[in-house]
Each structure stands twice: as C-alpha cells, then as structure tokens.
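Please open the structure in a viewer and keep the selection tool at hand. The stops below proceed from the whole chain to individual side chains.

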Amino acid sequence: MKTLRARLVIGTALGTGLVFSVSALVLYGVVHAALWAEFDASLGSKARSLAALVEQEGSRLDLEIEEIGLTEFAPSERAEYFQFWSGPEQVLGRSASLNGDDLDQLSGPDGSPAYRSVSLPDGRPGRLVGMTFVPRREIADEHETGSDRYAPPPPGSTRGRFTVMLVVGWDSIEIDTTLGRLRLLLVCGCIGAILVAVGVLSWFVRRGLRPVGDLAVEIASIGETNLSNRLAASNTPGELLPITTRLNDLLARIETAFAREKGLTADVAHELRTPLAGLRSTLEVALSRNRDAHGYREAMVTALAICQRMQRLVENLLELARADASQLEVAWESVDLVALVRECWAQFAECAIERRIEVTLRLPESCPVSADRAKIQLVLSNVFDNATTYTNAGGRIEIALHSTAGQVEFRVENTGSRVADTDAERVFDRFWRGDAARTTERGEKRYGLGLPLCQKLVALLGGSVSVSTNDGGTFTISIVLPS
C-alpha cells in the first residue's frame with residue numbers, strides 16, 4: 001500500500017514533470033520554428049538573388065551566373081544546388097554541383113516561393129525553395145517598332161515574356177545538428193530537473209508530514225490506563241487540528257464508556273451481592289434447626305421473592321445488552337395505545353389504591369399506532385412501576401395521552417419526587433438513583449434499570465423520552481412516538 005508521503009511525492013513529481021515537458025515542447029517548437037524561418041528566409045533570399053541574374057534578350061534567355069562565378073555551387077562536400085527551367089521539360093541551366101542530375105521541380109501557388117525538406121542528390125538532408133518568375137528583359141528596337149523582323153513568342157512565353165522556374169537547394173546539416181543538440185539538452189534538462197524536484201519534494205514532504213508521525217506516536221502512547229490524556233493541539237498544523245479535535249472527542253467518549261463499564265461491573269456485583277446474601281441468610285436460618293412445614297414455606301416464599309428480583313435485574317440487563325448491540329428486532333403491528341395503557345395500568349391500580357394515591361386518566365377513546373406491542377407494554381409497565389413506587393402516600397398520579405400531527409405523546413406525572421432538577425436527565429443512567437440507598441419510601445430495593453431500558457426501547461421504535469422535575473416534587477416523564 002502506498003504511503004501518503006509516496007503519493008504526495010509521486011503526484012507532485014508527475015505534475016512537475018508534466019509542466020517541465022510541456023514547457024520544453026513549447027520552447028523547442030518556438031526555437032524550431034524560428035530556426036527554420038531564418039533558414040528559409042536565407043534560402044529565399046539566395047533564390048531571389050539567383051533569379052535576378054536571369055535576363056531575357058529578345059527571344060532568348062541569358063544566365064549571368066558564370067560571369068559572377070558563384071563558388072558555393074561548385075562540386076564540394078558542402079555544395080549548394082540550383083536549377084532553372086524555362087518550360088516543364090526544358091532545362092535552362094543547372095549548377096555544376098549537380099553533375100547532370102536534376103532537382104525536384106517546386107513552385108508555390110501564384111508564383112510565391114514554396115519550401116520542402118528533401119534528401120539532396122548527394123544524400124545529405126536539405127531543403128529546397130522553388131519559385132516561378134518572369135526574368136528582367138532588355139528590349140531591342142526592332143521589337144518595339146513592330147517591324148516584320150519581330151520574332152514570334154518562343155515556347156514557354158506569355159505575351160513575348162518567358163516564365164522561368166527556379167529551384168535552389170541547401171543542406172540543413174547545421175540546423176538539424178542544432179535542433180538535435182537542443183532536443184538532447186531539453187530532455188536531459190527535464191530529467192535532471194524532475195530528479196532534483198523529487199529529491200527536494202521528498203525532503204519537504206518528509207519534513208511537512210513529521211507532525212503526522214508525532215501524532216501517531218502520541219496516539220500510540222494512550223492506553224486503557226491513561227484514557228484521561230488528550231492529544232496536544234497547541235503546535236498542531238491547521239490541517240491536522242480537526243483530526244486532533246475529533247480524536248480528543250473520541251477519547252472522551254471511550255473514557256466515559258470505560259468508566260461506565262467499570263461502574264456497571266461494580267454496580268452489578270453490588271446489586272447481586274445483596275440479594276444473594278439475603279437468599280443465603282434466609283436458607284441458613286431455615287436450615288439452622290428443624291421447622292414445621294409452615295416455617296419452611298415462609299423461607300421458600302422469601303427466597304422466591306429474592307430470586308424474582310434477581311431475575312428482573314438479569315432480564316433488564318440482558319435487554320439493555322441486546323439493545324446496545326442492536327440485536328433487538330421490532331415486530332411492527334397496529335396497536336391501540338389506549339387499550340394497552342388501561343391493560344398495563346390494571347396491574348398497578350391495586351397498589352395505588354392501597355397507598356391512597358389519586359389517579360387521573362386523560363385518555364381518548366382510541367389511539368392506534370404502528371409499534372411493537374411487547375416492547376410498548378414493557379415500556380408502559382416500567383413507567384407505571386416507577387410512578388407508583390416513588391409517589392408519596394396520598395399523592396397524585398396523572399396519566400395523559402393525546403395525538404398531534406404525525407405524533408403521539410404519552411405523559412405520566414407523579415408527586416413525591418426526590419430528584420433534583422439538575423439531576424433529572426441522570427435517571428437514564430444505569431443503576432443511578434436519586435438517593436444513595438436506592439430504596440423507596442416503603443423501603444423497597446430498586447436497581448435503576450427501568451428508565452434506561454425504556455429510553456432504549458422507545459428509541460428503537462423511532463420515538464423519544466424526556467423527563468422533568470420541579471421543586472415541588474413533581475416528576476414528569478414524556479414519551480413521543482410516531483403515529
């Protein structure tokens with residue numbers, strides 16, 4: 001797997017190489033065009049100079065080249081070439097360097113010069129320029145007078161004037177050598193520049209990514225024994241600051257989870273130790289001496305009650321563990337919430353009458369919702385159990401249900417609360433109670449798992465749970481479900 005450092009170096013090197021290559025190609029193209037333009041200009045100038053040496057005298061053409069004696073067109077290793085035609089097949093003259101050979105005929109449109117790269121007769125690379133022109137003319141008197149001695153226009157002439165084609169050839173060894181050296185220089189320069197850039201980039205990237213390595217070392221130093229440590233953000237680069245912040249948030253959540261796990265283990269051990277001690281004590285007392293059937297029966301009833309409380313504790317813990325692991329499945333069905341509320345409350349009505357609690361039900365005729373009946377029933381039972389348990393004797397419980405647009409709100413309000421307003425949300429913490437002894441007004445032992453389980457189940461059904469309390473001791477729990 002490629003490292004981030006390698007990706008940065010390779011990517012930047014490729015980008016740098018692309019920029020260098022494009023720049024080199026552009027530079028080569030500009031120099032190439034400039035050199036060939038200068039070469040063609042010189043070649044064209046030479047051709048025009050040669051064309052000026054052709055003169056028409058009456059019905060014949062006169063070449064004055066031999067009179068000038070141009071040595072560059074004599075046979076030699078770097079000889080130049082020219083050839084004149086006064087017609088398609090009529091050679092007017094050629095340079096001595098051709099040794100009787102012919103150059104390719106070449107002429108541009110409308111008589112303008114045309115250029116072509118070719119292989120010269122001696123095999124050297126070269127370039128030709130071809131042009132068609134009308135030679136200068138020396139006019140004789142008899143031609144001007146229009147007498148009978150006027151000669152008719154010769155072949156290849158127009159209105160008595162000749163049209164001559166001239167092709168001049170030069171070798172391009174020097175310019176080809178220059179361009180070859182330029183290509184080699186640019187290629188070597190690009191490769192060298194890329195290698196230097198890779199080296200410099202590697203050093204800068206290694207230095208720039210050093211904070212990432214420092215952060216990795218700092219993270220590796222944090223274990224379960226020092227989860228309270230946090231990553232330093234003072235000298236962190238701006239690009240790593242969001243990562244450092246999120247990691248610190250994650251460490252805080254992990255620390256909280258570890259603390260909760262340790263607290264949960266201690267709480268479970270404490271909660272199980274008490275009923276187990278009571279169960280052992282009951283059995284030891286029952287077996288301390290021989291008793292009649294009634295005595296043993298009382299001990300068994302007491303032991304059964306202790307076992308039932310332990311079973312509820314274990315079942316609640318199991319449900320919470322399944323909810324945490326997202327292993328609870330929802331069996332959706334249509335449920336009449338009003339009927340289910342009355343059915344669940346019937347199990348606690350006798351306890352409310354026994355404690356002289358005033359109960360008010362504010363329920364509509366029906367309230368159908370789509371939910372899991374068993375889970376809603378467990379939620380209602382826990383809420384009602386919490387209300388009847390903590391309401392003071394002679395106190396008041398109000399149960400209300402109403403539906404709004406797309407939602408159903410179920411609310412239970414009871415008096416006798418000893419939970420401070422600042423601690424209201426802590427009722428959803430597992431094993432948390434408002435008093436350290438975890439006992440009710442009647443001395444019943446409570447575990448503090450009912451409301452946390454309700455919160456998990458309601459969230460699983462797509463709803464929400466909230467609680468509130470006031471200084472008057474009124475505790476309110478509200479459950480909102482989608483209708």
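**The whole chain**

With the entire chain selected, the surface exposes about 27,800 Å², of which carbon and sulfur atoms supply 55%; such accessible areas come from the Shrake-Rupley method with a 1.4 Å probe, and for residues only the protein chains shown count as cover. This is a predicted model, in which local features need pLDDT of at least 70 and side-chain atom pairs count only at pLDDT 80 or more, while totals for chains, interfaces and linings use all residues. Residues are numbered from 1 along each chain as its sequence is written, and side-chain values use heavy atoms, with hydrogens and water left out.

Colour next by secondary structure: the chain has 10 helices and 17 strands. Both are DSSP runs numbered from the N terminus, helices being H or I with at least four residues and strands E with at least two. Of the 483 residues, 37% are buried (under 20% relative accessible area, with exposed over 50% and partly exposed in between; 1.4 Å probe, protein chains only). Among contacts (heavy atoms within 4.5 Å) between residues at least 6 apart in sequence, 66% join residues at least 24 apart.

**Aromatic pairs**

The whole structure contains 9 aromatic pairs. Rings of Phe, Tyr and Trp (its six-membered ring) pair if their centres lie within 6.5 Å; planes under 30 degrees apart are stacked, over 60 edge-to-face, and the rest tilted.

Select Trp345 and Phe384: the ring centres are 5.3 Å apart and the planes stand at 75 degrees, so this pair is edge-to-face. It links distant parts of the chain, as Trp345 belongs to helix H8 (residues 337-354) and Phe384 to helix H9 (residues 373-390), 39 residues apart. Trp345 counts as buried at 8% relative accessibility, and Phe384 does so at 0%.

Keep Phe384 and add Phe410, its partner in an edge-to-face pair with 6.0 Å between centres and 75 degrees between planes. Phe410 lies in strand E15 (residues 407-414), 26 residues from Phe384. Both Phe384 and Phe410 are buried.

Move then to Phe73, Phe82, Phe84 and Phe133, which form one aromatic cluster.

**Ser97**

Where is Ser97 placed? Select the loop between strand E4 (91-94) and strand E5 (114-119) to find Ser97. Ser97 is buried, at 9% relative accessibility. A polar atom of its side chain lies 2.6 Å from the backbone oxygen of Glu80.

The side chain of Ser97 also makes a polar contact with that of Ser95 (2.9 Å); such a contact is a pair of N or O atoms within 3.5 Å, and within protein one must be able to donate a hydrogen and the other to accept it, residues adjacent in sequence counting only if both atoms are side-chain atoms. Leaving aside residues up to four places away in sequence, Ser97 touches residues including Phe73, Ala74 and Tyr81.
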